[in-house]
Amino acid sequence: MIVDADQIVKNVREAGVVGAGGAGFPTHVKLAAQVQTVIANGAECEPLLQADRCLMAACPADVVTGLRLAMDATGASRGVIALKAEYEDAVAALEPLAARHPDIDLHRLGSYYPAGDEFLLVEDVTGQVIPEGGLPLHVGVVVNNVGTLANVAGAGRGLSVTQRILTVVGQVRRPLTLRVPVGTPVRDVLAYAGGPTLGDGEYAVLLGGPLMGRLLDDLDVPVLKTTSGVVVLPAEHYLVRRKSRTVATNVRWARSACDQCRDCTELCPRYLIGHDLQPHAIMRAVGQGLVEANHVITSAALCCECGVCEYYACPLHLSPLEVNREIKRVLAEQGWRNTEHRRQDLVTRDMWAYRHVPFDRLLARVDLWDYEHVPVPLEDGDRFPPRVIMALKQHTGAPARPVVAVGDTVRAGQLVGEIPADKLGARVHTSIDGVVTDVVTDRQIVIEAR
Ligand code: SF4
Ligand code: SF4
């Protein structure tokens with residue numbers, strides 16, 4: 001069969017496919033590159049979430065077809081589906097399909113955190129280290145989340161991205177994994193899970209995973225193409241208290257309590273694969289009141305925000321992650337660009353092989369053990385929220401430009417947001433039939449079901 005790489009990229013662009021596992025990088029841009037290897041990321045980094053596992057077990061053909069298309073688009077001679085060895089149902093579903101392709105393998109990962117981080121995944125699969133501030137592309141690799149690849153397969157059938165699989169877990173009556181229209185408000189998602197088991201004011205909701213997700217103060221925020229989970233925890237839970245601390249408190253504690261033990265650095269996965277990221281040195285600089293963009297401070301740009309330093313390593317419960325986040329926010333505000341942290345030809349540090357953070361110990365450390373062992377099966381069936389909020393920026397790049405107006409009638413799958421000319425971005429399609437009731441440029445389009 002002659003495969004037209006340009007046509008695959010065009011289909012993916014038109015369908016609005018973005019990275020389903022992270023920042024939502026537009027997939028058509030990734031697939032326009034030429035590489036040797038495409039990795040399907042099914043590692044499911046975060047505790048409690050099972051969306052990728054359920055997808056791989058329930059729709060293995062979509063994952064393999066999407067991987068095949070991604071390989072054809074990028075000219076890759078090798079495809080790898082990387083997933084945790086303990087995902088036995090997903091392995092059993094994928095193995096016979098992958099076996100039909102001599103150039104596609106399964107790569108079984110250990111149960112460590114954060115196995116799904118792109119840099120660690122590429123190192124685990126290929127043995128190569130992505131340069132500081134670099135991309136998998138720099139070592140001839142493209143990494144796509146398995147959900148992204150399922151959407152690439154859908155794009156090949158003319159389907160735009162309108163649905164999202166996510167896990168709802170924690171203090172809800174019926175923890176589960178389900179498929180919802182993109183744009184469904186979190187409030188409705190919680191209702192599909194039977195609602196919180198705790199009263200108003202007694203629980204907190206995290207959008208995303210428990211470690212990298214953010215606390216919500218508004219349950220009307222919508223599910224995005226990148227949303228993999230909704231986690232409900234008691235208001236007094238360890239993680240809620242940690243995430244509620246202010247920047248000022250985190251900086252004050254860094255100044256007054258950090259004893260420079262280096263545990264955060266010695267367990268930082270980016271440091272261990274050879275990058276020059278030393279959170280203890282950043283904490284020392286902040287503690288000494290150094291805030292200008294010197295070499296130590298700006299090395300925070302290399303942080304992937306996994307939280308190992310904060311939630312696992314630091315014996316004093318300090319917040320190197322939050323300090324790094326704040327530095328990155330300020331650097332971005334100042335228009336700082338990373339030209340100085342660009343080391344290449346890196347080798348992993350000797351201790352990396354022995355310092356993977358065991359998943360189970362991490363769970364115990366952050367008080368998630370009981371929630372992790374609750375089943376969250378995929379529950380099939382369509383959900384029909386009364387309205388959806390289609391965010392115009394659910395991806396890296398510029399917000400989509402609205403192409404509908406208030407009062408327009410739209411059908412599920414119809415284009416409502418277009419990529420602005422000459423900009424990096426992704427298209428947005430409505431996920432339900434309905435009428436447009438609000439359009440806020442650069443922000444969102446609200447559609448009421450009809
Ligand atoms: S969050 Fe902490 S452990 Fe993770 S990469 Fe950043 S500094 Fe390293
Ligand atoms: S682990 Fe905690 S106390 Fe030790 S250097 Fe890092 S931030 Fe400071």
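Which residue just after H6 takes a positive phi? In this predicted model, that residue is Gly127, with a phi of about 80°. The legends below start from the whole chain and then move to close-up views.

**Figure 1. The whole protein chain, with 18 helices and 19 strands.** The C-alpha trace spans about 60 × 55 × 45 Å along its principal axes. The radius of gyration of the chain is 22 Å, which agrees with the value near 22 Å for a compact globule of 450 residues. Buried residues make up 50% of the 450 residues. Among contacts with a separation of 6 or more, 72% come from residues 24 or more positions apart.

**Figure 2. Helix H6, residues 118-126, and what covers its buried residues.** The buried residues in this helix are Glu118, Phe119, Leu120, Leu121, Val122 and Glu123. Their cover includes three strands, S1 (37-42), S2 (78-84) and S5 (141-145), and also helix H12 (269-272). Just after H6 comes Gly127, the residue with the positive phi of about 80°.

**Figure 3. The shell of 15 residues around ligand 2.** Four cysteines and one histidine come nearest to the ligand: Cys258, Cys261, Cys264, Cys314 and His280. Two elements give two or more residues to this shell, namely helix H11 (263-267) and helix H13 (279-287). H13 provides the largest share, three residues. Sorted by class, the shell holds ten nonpolar residues, two polar residues and three charged residues.

**Figure 4. Strand S19, residues 444-449, beside strand S13, residues 387-391.** S13 and S19 run antiparallel and are joined by five bridges. In one of the pairings, Met390 has Ile445 of S19 as its bridge partner. In a regular strand, side chains alternate between the two faces of the sheet.

**Figure 5. The hairpin of strands S18 and S19.** Strand S18 covers residues 434-440 and pairs with S19 in the antiparallel sense over six bridges. Gly434 stands opposite Ala449, which belongs to S19. Between the two strands of the hairpin there are three residues. In this hairpin Asp442 takes a positive phi, near 70°. S19 thus appears in both this view and the previous one, with six bridges to S18 and five to S13.

Technical notes
Residues are numbered from 1 along each chain as its sequence is written. Chains are lettered from A and ligands numbered from 1 in the order in which they are written. A residue is near a molecule or strand if its C-beta atom, placed from the backbone, lies within 6 Å of it. Helices (H or I, at least four residues) and strands (E, at least two) are DSSP runs, numbered from the N terminus. Ala, Val, Leu, Ile, Met, Phe, Trp, Tyr, Cys and Pro count as nonpolar, Asp, Glu, Lys and Arg as charged, and the others, Gly among them, as polar. A residue is buried if 20 or more other C-beta atoms lie within 10 Å of its own, exposed if 12 or fewer, and partly exposed in between; C-beta atoms are placed from the backbone. Two residues are in contact if their C-beta atoms, placed from the backbone, lie within 7 Å. The radius of gyration is taken over C-alpha atoms; the globule rule is 2.2 Å times the number of residues to the power 0.38. Two strands pair if DSSP finds at least two bridges between them.
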